[in-house]
Amino acid sequence: MVDIPKQYPTSPDTCESMPARSTLRRALLAVVVVCLVGLLAGYLTGPHDPGTTDGFRPTDAGGYDPAALESAANVTVVATQGVPESDAEGELVALTDEGSVAYRNDTLQTYFDVDPVPDEPYVVEYVGAEKLAGDACAGVSTDTCSRNVYERVNLRTDETARLWSKVTPRIPSNRYHDIDRVNESHIAVADIYEDALYTVDLATGEEVWRWNAAEDYDRSSGGSPGDWTHVNDVEVTPDGRFQASLRNQDSVVFVRPGEGLVAEQTLGSDDAHTILYEQHNPDYIPAANGGPSVPVADSENRRVVEYQRQGGEWVQTWAWTDARLQWPRDADRLPDGSTLVTDSHGDRVIEVAPDGTVLWSATVRLPYEAERLGTPSESGGGPAVDTGDPGIDPSAGLFANPGYTLRTAVPQLLVNGLLYVSPSWILYPELLVVLALALTLFAWGTTELWWRRDRIRAAVGR
């Protein structure tokens with residue numbers, strides 16, 4: 001009797017045998033299981049209270065320890081962003097170098113800009129927003145809306161005063177990100193909804209001066225209707241100009257009241273992404289402190305960068321990044337020359353020396369802006385970086401900064417958009433696992449359909 005080797009059926013269109021298919025299925029299943037285990041681990045260890053942080057928790061039932069304000073060598077106040085599209089809730093939190101929470105408040109849904117008040121060591125003013133509905137939205141065109149507020153709080157006593165507010169319709173990205181003091185009686189507003197800058201007299205609530213971006217920019221530039229410029233920052237320079245960040249035009253602009261846009265001083269231009277790419281919170285350092293220069297969080301380029309005005313042109317003089325930096329949205333030059341960086345999707349606030357050394361770091365979920373108590377707001381009082389020290393420049397290439405290069409292999413707009421709307425426990429590593437899982441399932445499904453194509457054709461024919 002002759003043994004006849006067992007023959008396995010093969011597809012008429014392919015050469016794969018059944019054992020080969022089984023091996024591939026087992027391999028794909030193993031990848032799926034590993035991805036699911038990774039996501040489970042991320043869920044169990046990730047931040048589910050988005051504002052508070054690993055290592056930073058309220059120290060009492062009230063949520064903070066005011067005594068730490070006076071005993072700490074440094075206190076950093078952080079505004080964190082709530083995201084209606086995800087489960088992230090915002091908060092205003094003050095952290096000491098030693099890791100205790102000196103203050104915490106989550107009354108509003110989201111917090112953006114925060115600034116120390118001069119000559120008031122423990123007082124800050126901040127911008128936030130709260131969601132409204134029903135009769136509260138009667139003055140706008142949507143059933144739900146946002147009240148943008150500008151408030152002052154004493155961190156020691158929690159005494160809070162609302163200084164100004166304005167309601168805007170419920171349109172994505174319309175919440176005000178920045179309001180700055182002009183003087184004791186006036187504020188400057190970066191109005192995202194109206195694509196404008198204007199000043200307000202706090203005593204009367206009346207608008208004193210306004211610049212509309214439409215006066216100088218065509219609507220074919222920037223973003224789509226409803227979020228055209230995404231003007232996310234305004235700052236008054238010592239000589240009376242207003243510096244603003246038009247995020248969707250990739251530009252930092254200067255506007256002089258009575259004259260309008262000073263076009264020749266604009267830093268960046270629409271889609272010139274090698275200069276700036278959807279930046280946040282540029283600051284201005286005057287000539288008296290080594291400028292004029294502009295340190296800025298170059299968000300979609302994943303770096304902090306500084307440009308100095310030389311010979312009528314903006315010249316890059318310093319940059320910094322590392323393998324973790326993801327969507328930086330604030331960079332303040334401190335009086336000692338270091339830079340306080342807010343790394344939104346890196347979920348941290350860090351202090352960086354001019355040579356790139358990280359001096360201090362705190363893990364914070366989705367921070368938007370940070371300020372060091374006892375220093376002037378933004379980069380006031382901070383020096384321009386010595387142009388002889390260019391810092392860490394990500395454009396140096398793969399071997400100089402491999403972590404940066406590998407992380408930028410995926411388009412940053414896509415990555416940051418997904419992280420923005422994802423649940424709070426999904427951080428950058430978990431996002432990579434989700435993408436790997438999606439690709440594996442897609443590949444598996446496509447392969448199974450290919451193997452069964454003849455059956456599918458027959459079924460369709462019947």
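This note goes through some strands, helices and aromatic pairs of a predicted model.

1. A four-stranded sheet. Four strands form an open sheet whose order is β4-β5-β6-β7, and the pairing within it is antiparallel. At the edges stand β4, which covers 110-116, and β7, which covers 160-169, and each of these pairs on one side only. On average, and with direction ignored, neighbouring strands of this sheet are turned by 20 degrees against each other.

2. The pairing of β5 with β6. Strand β5 takes in residues 123-133 and strand β6 takes in residues 144-154; the two run antiparallel and are joined by 11 bridges. As one point of orientation along this pair, a reader may look for Leu 132, which stands opposite Cys 145 in β6.

3. The edge strand β4 and its hairpin. Seven of the seven residues of β4 are buried, so this strand is largely enclosed by the rest of the structure. Five bridges join β4 to β5, and these two strands run antiparallel, with Pro 116 standing opposite Val 124 in β5. The hairpin that β4 and β5 make has six residues between the strands, and in this hairpin Asp 119 takes a positive phi near 65 degrees.

4. An aromatic pair that involves β4. The structure holds six aromatic pairs, and one of them is formed by Phe 112 and Tyr 368, which meet edge-to-face, at 5.1 Å centre to centre and with 90 degrees between the planes. Phe 112 lies in strand β4 and Tyr 368 in strand β24 (residues 367-372), and the pair links distant parts of the chain, since the two are 256 residues apart. Are Phe 112 and Tyr 368 buried or exposed? Both Phe 112 and Tyr 368 are buried.

5. A second aromatic pair, and a cluster. Phe 254 and Tyr 284 also form an edge-to-face aromatic pair, with 5.9 Å centre to centre and 75 degrees between the planes. Phe 254 belongs to strand β14 (residues 251-256), whereas Tyr 284 sits in the loop between β16 (267-268) and β17 (293-298), so the pair ties together parts that are 30 residues apart in sequence. Phe 254 is buried, and Tyr 284 is buried too. Together with Trp 314, Phe 254 and Tyr 284 form one aromatic cluster.

6. A three-stranded sheet. An open sheet of three strands follows the order β17-β18-β19, and its pairing is antiparallel. The edge strands here are β17 and β19 (313-320), each of which pairs on one side only. Neighbouring strands of this sheet are turned against each other by 25 degrees on average, direction ignored. Strand β18, made of residues 303-310, runs antiparallel to β19 and is joined to it by seven bridges; within this pair, Gln 308 stands opposite Val 315 in β19.

7. The hairpin of β20 and β21. Strand β20 (residues 328-333) has six of its six residues buried, so it is largely enclosed by the rest of the structure. Five bridges join β20 to strand β21 (residues 339-343), and the two run antiparallel; the bridge partner of Ala 331 in β21 is Val 341. Between the strands of this hairpin there are five residues, and Gly 337 in the hairpin takes a positive phi near 100 degrees.

8. The packing of α4 and α5. Two packed helices are described by the angle between their axes and the distance between the axes. Helix α4 (residues 412-421) packs against helix α5 (residues 428-451) at an angle of about 105 degrees, and their axes are 11 Å apart. Angles of 65 to 115 degrees count as roughly perpendicular, and α4 and α5 are therefore roughly perpendicular to each other. Val 415, Leu 418 and Leu 419 in α4 meet Tyr 428, Leu 431 and Leu 435 in α5. By class, this contact of α4 with α5 has six nonpolar residues, no polar residues and no charged residues.

9. An exposed residue in a helix. Ser 71 is found in helix α2, which covers residues 67-71. Is Ser 71 buried or exposed? Its relative accessible area is 62%, and because over 50% counts as exposed, Ser 71 is exposed. The C-alpha atom of Ser 71 is separated by 10.0 Å from that of Ala 102, a residue 31 residues apart from Ser 71 along the chain.

Conventions. Residues are numbered from 1 along each chain as its sequence is written. This is a predicted model: local features need pLDDT of at least 70, side-chain atom pairs count only at pLDDT 80 or more; totals for chains, interfaces and linings use all residues. Side-chain values use heavy atoms; hydrogens and water are left out. Two strands pair if DSSP finds at least two bridges between them. Axes are lines fitted to C-alpha atoms, for helices over the stretch in contact, and angles run from 0 to 180 degrees between N-to-C directions. Angles under 35 degrees count as roughly parallel, over 145 as roughly antiparallel, 65 to 115 as roughly perpendicular and the rest as oblique. Contact means heavy atoms within 4.5 Å. Ala, Val, Leu, Ile, Met, Phe, Trp, Tyr, Cys and Pro count as nonpolar, Asp, Glu, Lys and Arg as charged, and the others, Gly among them, as polar. Buried means under 20% relative accessible area, exposed over 50%, partly exposed in between (1.4 Å probe, protein chains only). Rings of Phe, Tyr and Trp (its six-membered ring) pair if their centres lie within 6.5 Å; planes under 30 degrees apart count as stacked, over 60 as edge-to-face and the rest as tilted.
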